[in-house]
Amino acid sequence: MKAPVAVTGMASISAAGIDMQSIWATLTTGSNTLSHPSILHKDTLAYPFFAAPIFSNGRRDSACDTFNLARLAMLAALKDASLDVSAQKTGIVLGTTAGSALHFIEAYAQSRALRIHNDENNNGENTTFQGNSSSQLQSPLSQPHDADDYFKANLALHLGQSFNIKGPTITLANACTSGADAIGIGMELLRQNECDYVICGGADALSLVPHTGFARLMVYDEKHCRPFDANRAGLNLGEGAAIMVLERIETALARKAPIHGLISGYGSGSDAHHFTAPHPEARGLLHAFESALSDAGLESSQLAFINAHGTATQENDKIEGAFFHKHLPEIPVWASKAITGHTLGAAGALEAIFSLLALQKNSVPKSYGFTEIDPKILLSPTLAHTEISKKYALSTSLGFGGGNAALIVSTDTSAFI
Amino acid sequence: MLSASILGQGLIHSLGSSEIFFSLYKDRIKENTFVSQTSVDVSGLSNMLPGVSLRRVPKYARMGLMAALEALNNANLPIPDVNRLGLVVGTAFSGAQMNIDFMDSILEASPQLSSPTAFSHAVNNMGAGLLSLFLNIRGGCQTITQFDLSFAGALQVALLLLASNKNDYVLLGALDENDARFIETCPQELQRTPYPHSEGAVFFLLGKSIPNTAQISLSWHDTIPTANNIVCSGDLNKNNHINNASFYGTSPIAQALDTALAVYFGTEETLCVCKEKNIEQMAAINIRK
C-alpha cells in the first residue's frame with residue numbers, strides 16, 4: 001500500500017450542476033434535460049447533448065470555452081481548499097480530449113477560404129465548393145483571435161500561468177481517460193515529493209468538430225442515453241470541468257484544511273488490441289484495476305461501489321459490463337452518464353468527484369437510463385438508491401486508443417485524523 | 001529530483017534517419033541551408049513491420065513507430081514484461097494532417113458526410129494508441145500535449161511512472177508532423193525560429209537509474225537556470241541563447257532533438273532548456289553521462 005493523498009478542494013461544472021448540493025440533487029433525482037445541438041453551431045448534426053450551464057453569454061466556439069470551463073472550476077476548487085497556490089510548490093495536471101486541436105475550425109475555414117481564393121485567382125480555374133450546408137463556414141468569418149485562441153487555450157500551461165503556478169505542468173490528452181489519469185498522475189507528483197500541492201482534473205467544452213466527430217462514428221443516441229441497457233443506442237455527449245486540489249495528508253492536517261476524501265489508488269493499462277474497440281476480455285481494464293487495487297493496498301471486497309465508464313455505446317458497455325459481472329459480481333455498479341452525458345476529458349475527474357460525494361452521503365444513486373438487462377452483459381447497475389457503509393469506491397474510464405484508467409477514492413480518513 | 005537511465009534512443013527527422021541526423025550534426029554541413037518543409041521518409045518502416053498491418057496507419061504514427069522501434073532495438077534488452085512497459089508521448093499538434101483532413105471533410109462535404117476515420121485519427125492520443133497497439137505495450141499509455149513543452153511534460157510523467165514502480169521501463173517520445181494547411185492558418189504563432197519547419201520523432205527507452213548509463217532528469221523554472229552547457233529551444237531561440245534550430249529547423253520536438261544530441265555527443269552534463277511562447281515557465285532537461 002502506498003500513501004493516499006488528501007482531496008482538500010473539489011469543484012465541477014456540468015449539466016448536473018455547479019455546486020455540490022445541486023449536483024447531488026441532480027444525481028439522485030435524475031432531473032436533467034438535453035440541449036439542442038444548434039446552440040453549438042447552426043450546422044451541427046441533430047444529436048442532443050448535455051450543456052454546461054455557464055455559457056449564457058455565448059460561446060467562443062473555440063478552445064477558449066474549454067479553458068474558461070476549467071478556469072471557473074479551478075477557482076472554485078481553490079476557494080474550497082482555502083489555498084493560494086501562487087507562493088507554494090504546486091503542480092498542475094489537467095486532462096482534455098478535444099484539447100485545442102478539435103476547436104480550430106473557424107480559424108482554419110478562414111485560412112482555407114483565402115487559400116482557395118488565391119488558387120482560383122492564380123490558376124484562373126473556377127474552383128467551387130461542394131455541398132451547401134456548411135457554406136457559412138467557408139466564408140472568412142473568423143475573428144482575428146481564432147488562431148490565437150488555439151495557442152492560449154492549452155489547459156495546464158495557460159491555467160498554470162493564470163494562477164502563477166511554477167511547478168510541474170502537464171496537459172494530458174488520453175481521450176476519455178484523461179481526467180482520471182490526471183488525478184492519478186497528480187497523486188504521484190505528491191507521493192514522489194515533486195510538489196506540495198497539485199491542481200488536477202479535466203475539462204472539455206463542445207463545439208462543431210468534436211460533436212460532428214462522435215456523431216459520425218455512429219455511436220450517438222438521438223434520445224437520452226441508456227448505459228448498460230439492453231436497448232442502449234449510444235452515448236450523449238456532455239461538457240464540463242472537474243478540478244481537485246490534492247495534497248499530502250500531513251500537509252492538509254498541518255494547515256487545518258478540510259479533507260473531503262482521499263485518492264487511494266490509480267492504475268493504467270493499454271489494451272494493445274484495436275484503436276477504437278476495447279479488448280474483448282478487457283485486459284487493459286483488468287491491468288488498470290489490479291494496479292489501482294494494489295496501489296491502494298485493498299481487496300476488492302472493500303469496495304462499496306463502482307462508478308462505471310458506462311457510455312451506453314454497444315462496445316464499451318458490453319466489455320466493461322461483462323468485466324464487472326465476471327470479476328466484481330458482488331459490488332454495486334453505478335452509471336452516471338445519463339445525467340451528464342459523456343464529458344470526454346472531464347469524465348474521469350467528474351466521476352471521481354461524484355464517487356466521493358456518494359461515499360460522503362453513504363448512498364449510491366440509481367443508474368438513470370437503465371431499465372432492462374442485456375443478456376450479453378448480465379449486469380444490472382443500481383436500480384434504486386442504495387445505502388452503503390464501506391468507504392472505498394472504484395471509478396473506471398476507457399478511451400480511444402485502448403487506454404484504461406482506474407481510480408480508487410475513499411472517505412476512510414480514520415487512520416489519519 | 002527524479003531521474004532515470006536512458007537505455008536506448010531512436011530518431012527520424014526531416015533531415016533523415018538518426019544515423020544521417022547525427023552525421024550531419026557532426027559535420028554541420030546543413031547549417032543555414034535547411035530545406036523547407038521536408039517530409040520525413042517513412043518507407044523504411046515496411047522493413048520493420050509487416051506492410052499489410054500498416055495499411056491504414058497515417059504518416060504521423062509511422063514516424064513514431066520508426067523511432068520507437070529503433071530505441072527498443074538500440075537498448076538491446078530482453079523483451080520486457082509488456083505489462084510493465086509504459087508508453088508516454090509528447091506531441092504539440094498530434095496528427096495535424098488527419099485533424100485538418102477531418103475539418104476539410106466537414107467544410108467540403110458537410111458535417112453529415114464528414115469522415116469518421118479522419119476524426120478517430122485526429123484525436124490527440126492517436127499516435128500513442130497506435131504505437132501501443134503495434135508494439136504490444138500494455139503497461140499504460142499517456143499522451144501529453146502542451147506545444148513546445150510537450151516533451152518535458154511527457155518526461156515528467158515517465159519519471160513518475162518509473163519512480164512509483166508502476167513501470168519497469170517507459171518508452172518516452174516526442175512526435176510531431178508538419179501540415180502546410182495548418183502552418184498557413186497560424187504562421188506567426190508557429191514560427192518559433194527564423195528557420196523552416198521540420199518534423200519527426202524522437203524516442204528513448206527509459207529504465208530505473210543504473211550506473212554507467214546516461215541519466216535524464218527534469219526541473220521547472222521561471223528563469224533560465226545556470227549551467228556550463230546549456231542548449232535552448234522553443235521561445236528561447238530568439239534571445240541569443242545557444243540553440244540548434246539553424247540545424248534542425250523550427251519544430252515543437254526541438255527539446256527532444258536537443259536531448260538526443262546531448263545523449264549522442266554530450267560530454268559530462270548538458271541542460272536542454274525550453275520555453276513556450278507567452279508562458280513564463282520553462283523546463284530544463286538535464287543529461288548527465
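In helix α7 of chain A, the residues A:S178, A:G179, A:A180, A:D181, A:A182 and A:I183 meet A:A347, A:G348, A:A349, A:L350 and A:A352 of helix α13 in the same chain. This contact belongs to a predicted model, and by class its residues divide into seven nonpolar, three polar and one charged.

**Helix packing in chain A**

Helix α7(A), which spans residues 178-191, packs against α13(A) with an angle of about 70° and with the two axes 4 Å apart. Because angles of 65 to 115 degrees count as roughly perpendicular, α7(A) is placed in that class relative to α13(A).

Helix α13(A), residues 347-361, also packs with helix α1(A), residues 20-29, and here the angle is about 85° while the axes lie 11 Å apart. The helices α1(A) and α13(A) are therefore likewise described as roughly perpendicular to each other. On the side of α1(A) the contact is made by A:M20, A:I23, A:W24 and A:L27, and on the side of α13(A) by A:F354, A:L357 and A:K361. The residues of this contact comprise six nonpolar, no polar and one charged.

**The two chains**

The table sets out the folds and extents of the chains.

| Chain | Helices and strands | C-alpha box along the principal axes |
|---|---|---|
| Chain A | 13 helices and 14 strands | roughly 75 × 55 × 40 Å |
| Chain B | 10 helices and 10 strands | roughly 55 × 45 × 35 Å |

For chain A, with 417 residues, a compact globule would have a radius of gyration near 22 Å, and the chain has 21 Å, which agrees. For chain B, with 289 residues, the corresponding expectation is near 19 Å, and the 18 Å of the chain agrees with it.

The domain assignment of chain A gives domain 1, made of residues 5-103 together with 153-410, and domain 2, made of residues 106-145. The C-alpha centres of domain 1 and domain 2 of chain A lie 38 Å apart.

**Where the chains meet**

In the model, 65 residues of chain A are in contact with 60 residues of chain B. Which helix gives the most to the side of chain A that touches chain B? Helix α3 of chain A, residues 105-123, does so, with seven residues. By class, the side of chain A that touches chain B has 26 nonpolar, 30 polar and nine charged residues.

**Confidence of the prediction**

The model as a whole scores ipTM 0.96 and pTM 0.95. Chain B has a mean pLDDT of 92, and 96% of its residues reach 70 or more. Chain A averages a pLDDT of 91, with 94% of the residues scoring at least 70. Over residues 126-143 of chain A, however, the pLDDT is below 50, although this stretch has 36 contacts in the model beyond near neighbours in sequence.

Conventions. Residues numbered from 1 in each chain as written. Chains lettered and ligands numbered in written order. Predicted model: local features only at pLDDT ≥ 70, side-chain atom pairs only at ≥ 80, totals over all residues. Axes fitted to C-alpha atoms, helices over the stretch in contact; angles between N-to-C directions. Helix = DSSP H or I, 4+ residues; strand = E, 2+ residues; numbered from the N terminus. Parallel < 35°, antiparallel > 145°, perpendicular 65-115°, else oblique. Contact = placed C-beta atoms within 7 Å. Nonpolar A, V, L, I, M, F, W, Y, C, P; charged D, E, K, R; others polar. Domains from an automatic or database assignment. pLDDT = per-residue confidence, 0-100. Rg over C-alpha atoms; globule rule 2.2 N^0.38 Å.
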